[in-house]
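Grab a pencil and work through these exercises with the structure open beside you. Try each task before you read its solution.

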Amino acid sequence: MQEVFYEESAILENRKPEIRKYNMFNVFSFVSLTLGLLWCVMAVYFYQFKGDILLNIVALALPLSGFIVSGIVFGRFKNRFCIDYDYTFITGSVRFSKVIKNVKRQKVLEFDTQSIEVIGRYDSEKYKRFKTMPGIKKLILTSNLEPQEGKDLYYLVVATSGQKYLLILECTETFISHLIRFSSRTAPEDGFFKKK
């Protein structure tokens, strides 16, 4: 059988406000960590220990830990903005990655197409039933509320590594057809091939 490689991206459509938020939290993170460094320098050169040493150490450590923790929190929070998703299909294997501001790539999930239990359209009745099921982890793999031109919203139910996932994708029919071709025959939901 011929090897098939196919890749698509769900690109964030309205980037400007997301980039603004990303940059704002990046600045907050930088400022917090810089203030932490300045606090350390000032403590070393200007702080005079008076009375109980333990109280002095706590008085120095509290603001420092506050600056460091807030810098880390802001730094991590910025990664919630300006996100695109890459969908990669390689002959029976699927990999989803999150791309933050076109710089940082994080693997979200990887599985074999035989792990796909159901493939369907996002607005179907079957999707609505899966959405309310307990014990199923929901992953939205698009940052857009509406699909871009030429794409549609689909869902997959996947069981892998002892966990069941409900995945929402924004992709073309071509990507879905590759998944259907390499998954079990029962994966497409009833009525999936009917015209919308």
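**Exercise 1. Find the residue that stands opposite T160 in β8, then work out how β7 is paired and covered.**

Step 1. Keep in mind that you're looking at a predicted model. Find T160 and look across to β8: the residue opposite is Q163.

Step 2. Now follow the two strands along. β7 covers residues 152-160, and β8 covers residues 163-171. They run antiparallel and are joined by nine bridges.

Step 3. Look at the turn of this hairpin. Two residues sit between the strands, and S161 takes a positive phi near 50°.

Step 4. Check β7 for another partner. Strand β5 (residues 116-121) is joined to β7 by five bridges, again in an antiparallel arrangement. One pair to look for is R121 in β5 with Y154 in β7.

Step 5. How many of the nine residues of β7 are buried? Eight are, so the strand is mostly covered.

**Exercise 2. Describe the surroundings of S124, and decide whether S124 is buried or exposed.**

Step 1. Place S124 first. You'll find S124 in the loop between β5 and α3 (125-131).

Step 2. Use the cut-off: buried means under 20% relative accessible area. S124 has 13% relative accessibility, so S124 counts as buried.

Step 3. Look for a polar partner. The side chain of S124 reaches the backbone oxygen of R121 at 3.1 Å.

Step 4. Then skip the neighbours within four places in sequence and see what else S124 touches. Y155 and E189 are in contact with S124.

**Exercise 3. Work out which strands β2 pairs with, and how well covered β2 is.**

Step 1. Start with β1. β1 and β2 are antiparallel and pair over six bridges. As an example, F5 has I90 in β2 as its bridge partner.

Step 2. Move on to β3. Eight bridges join β2 to β3, and these strands run antiparallel too. Here you can spot D84 standing opposite V99 in β3.

Step 3. Inspect the turn. β2 and β3 form a hairpin with two residues between them, and T91 in the turn has a positive phi of about 25°.

Step 4. Count the cover. Seven of the eight residues of β2 are buried, so the rest of the structure largely encloses this strand.

**Exercise 4. Find which residue forms a salt bridge with D84, then compare this pair with two other salt bridges.**

Step 1. The whole structure holds six salt bridges. In one of them, D84 pairs with R15, and the closest N and O atoms are 3.0 Å apart.

Step 2. Why does this pair tie distant parts of the sequence together? D84 lies in strand β2 and R15 in helix α1, so the pair links parts that are 69 residues apart in sequence. Both D84 and R15 are buried.

Step 3. Try E18 and K21 next. Their side chains meet in a salt bridge at 3.9 Å, N to O. E18 and K21 are three residues apart in helix α1, which separates them by about one helical turn. Here's the general idea: an α-helix has 3.6 residues a turn, so residues three or four places apart point the same way.

Step 4. Check the cover of that pair. E18 is buried at 18% relative accessible area, whereas K21 counts as partly exposed at 34%.

Step 5. Finish with K107 and E110, whose closest N and O atoms are 3.5 Å apart in their salt bridge. K107 is exposed, with a relative accessible area of 57%, while E110 is partly exposed at 35%.

**Exercise 5. Look at two helices: which residues of α4 are buried, and which residues make a nonpolar surface patch?**

Step 1. Take α4 (residues 173-182) first. F175, I176, H178, L179, I180 and F182 are buried there.

Step 2. Ask what lies over them. The cover includes β1 (5-10), β2 (83-90), β3 (93-100), β5, β7 and β8.

Step 3. Now turn to the patch. M24, V27, F28, F30, V31, L35 and L38 make a nonpolar surface patch of about 630 Å².

Step 4. Zoom in on one member, M24. M24 belongs to helix α1 (residues 15-46), and at 38% relative accessibility M24 counts as partly exposed.

Note on methods:
Residues are numbered from 1 along each chain as its sequence is written. This is a predicted model: local features need pLDDT of at least 70, side-chain atom pairs count only at pLDDT 80 or more; totals for chains, interfaces and linings use all residues. Side-chain values use heavy atoms; hydrogens and water are left out. Buried means under 20% relative accessible area, exposed over 50%, partly exposed in between (1.4 Å probe, protein chains only). Helices (H or I, at least four residues) and strands (E, at least two) are DSSP runs, numbered from the N terminus. Two strands pair if DSSP finds at least two bridges between them. Patches are made of residues with over 30% relative accessible area and no salt bridge: like charges are joined within 9 Å, nonpolar side chains (Val, Leu, Ile, Met, Phe, Trp, Tyr) within 5 Å. Accessible areas come from the Shrake-Rupley method with a 1.4 Å probe; for residues, only the protein chains shown count as cover. A salt bridge is a side-chain nitrogen of Lys or Arg within 4 Å of a carboxyl oxygen of Asp or Glu. A polar contact is a pair of N or O atoms within 3.5 Å; within protein, one must be able to donate a hydrogen and the other to accept it, and residues adjacent in sequence count only if both atoms are side-chain atoms. Contact means heavy atoms within 4.5 Å.
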